Amino acid sequence: MSAKRLDPLRRRAEKREDELAQELARRVQAHEQQSRRLDDLERFRSEYAEPPAPGAALTPGLLQNRAAFLAKIDEAVGVQKKHLAGSEEALAIERTRLLLASRDRLVLDKLAASYQSAERRLQEQREQRVLDDLGARQH
């Protein structure tokens, strides 16, 4: 087998690796966005959870509404944490896929280099035989 016959496989492996790298970049962006959303929610919750200003008139209804709103924010934080965990899993999967694609490409590159080296040695042997035959004829 010649090294040139591996070129289509190598190109396909490089293309796949590039595509996976782009997908990983998209996943990283999505993960960062999920993380920012969680940070925003947690910051909003902490700001809203602060006690009201002294002297503010609080009725039992307002306190009940406040508690219900805090519960909704806590629920949103929990949901966002689940989204973030899912994003982390997807990120880990994409990293693994990219790592495997990189390894496959490297294997093909090494195989092609090995074939090229073997072809070069074979060509050198042929040239040496021709030189030996010429030398023997002149002698």
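**Close-up views of a two-helix packing**

**View 1. Gln80 sits in helix H2, which spans residues 60–138.** This is a predicted model, and we start with a residue in the second helix. Gln80 has a relative accessible area of 8%, under the 20% limit for a buried residue, so Gln80 counts as buried. Which residues does Gln80 contact, once neighbours within four places in sequence are left aside? They are Gln34, Arg37, Leu38 and Leu41. Take a look at Asp39 as well: its C-alpha is 9.6 Å from that of Gln80, although the two positions lie 41 residues apart in sequence numbering.

**View 2. Gln34 is shown from the helix H1 side of the contact with Gln80.** Gln34 is found in helix H1, and its relative accessibility of 17% makes Gln34 buried too. Leaving out residues up to four places away in sequence, Gln34 touches Gln80, His83, Leu84 and Ser87. The contact with Gln80 thus appears in both lists, since Gln34 is also named among the contacts of Gln80.

**View 3. Helices H1 and H2 pack with their axes 8 Å apart.** Two packed helices are described by the angle between their axes and by the distance between those axes. For H1 and H2 the angle is about 160°. Angles over 145 degrees count as roughly antiparallel, and H1 and H2 are therefore roughly antiparallel to each other. Their crossing is left-handed.

**View 4. The largest nonpolar core is made of five residues.** Its members are Leu20, Leu24, Leu91, Leu98 and Ala101. Helix H1, covering 7–49, and helix H2 each supply at least two of them. Which helix gives the most to this core? H2 does, with three residues. Leu20 is a good residue to follow here: not counting residues up to four places away in sequence, Leu20 touches Glu94, Arg97, Leu98 and Ala101. Two of these partners, Leu98 and Ala101, are themselves core members.

**View 5. Ala21 and Leu98 have C-alpha atoms separated by 6.3 Å.** Along the chain, Ala21 and Leu98 are 77 residues apart. Ala21 lies in helix H1. Is Ala21 buried or partly exposed? With 34% relative accessibility, Ala21 counts as partly exposed. Leu98, for its part, belongs to the largest nonpolar core.

**View 6. Arg10 forms salt bridges with Asp7 and with Asp109.** The side chains of Asp7 and Arg10 meet at 3.5 Å, N to O. Both residues lie in helix H1, three residues apart, which is about one turn of the helix. Asp7 is partly exposed, with a relative accessible area of 27%, and Arg10 is also partly exposed, at 21% relative accessibility. The salt bridge from Arg10 to Asp109 has an N to O distance of 3.0 Å. Arg10 lies in helix H1 and Asp109 in helix H2, so this pair ties together parts that are 99 residues apart in sequence.

**View 7. Asp74 and Arg45 make another salt bridge, with the closest N and O atoms 2.4 Å apart.** Asp74 lies in helix H2 and Arg45 in helix H1, so the pair ties together parts that are 29 residues apart in sequence. How accessible are the two partners? Asp74 is partly exposed, with a relative accessible area of 36%, and Arg45 is partly exposed at 25% relative accessibility.

**View 8. Salt bridges that share partners join five named residues into one network: Asp7, Arg10, Glu17, Arg105 and Asp109.** Arg10 is one of the shared partners, as it pairs with Asp7 and with Asp109. For the model as a whole, how many salt bridges are there? The count comes to eleven.

Key:
Residues are numbered from 1 along each chain as its sequence is written. This is a predicted model: local features need pLDDT of at least 70, side-chain atom pairs count only at pLDDT 80 or more; totals for chains, interfaces and linings use all residues. Side-chain values use heavy atoms; hydrogens and water are left out. Helices (H or I, at least four residues) and strands (E, at least two) are DSSP runs, numbered from the N terminus. Buried means under 20% relative accessible area, exposed over 50%, partly exposed in between (1.4 Å probe, protein chains only). Contact means heavy atoms within 4.5 Å. A nonpolar core is a set of buried Ala, Val, Leu, Ile, Met, Phe, Trp, Tyr and Cys residues joined through side-chain atoms within 4.5 Å. A salt bridge is a side-chain nitrogen of Lys or Arg within 4 Å of a carboxyl oxygen of Asp or Glu. Axes are lines fitted to C-alpha atoms, for helices over the stretch in contact, and angles run from 0 to 180 degrees between N-to-C directions. Angles under 35 degrees count as roughly parallel, over 145 as roughly antiparallel, 65 to 115 as roughly perpendicular and the rest as oblique. A crossing is left-handed if the near helix is turned anticlockwise from the far one by less than a right angle, and right-handed if clockwise.
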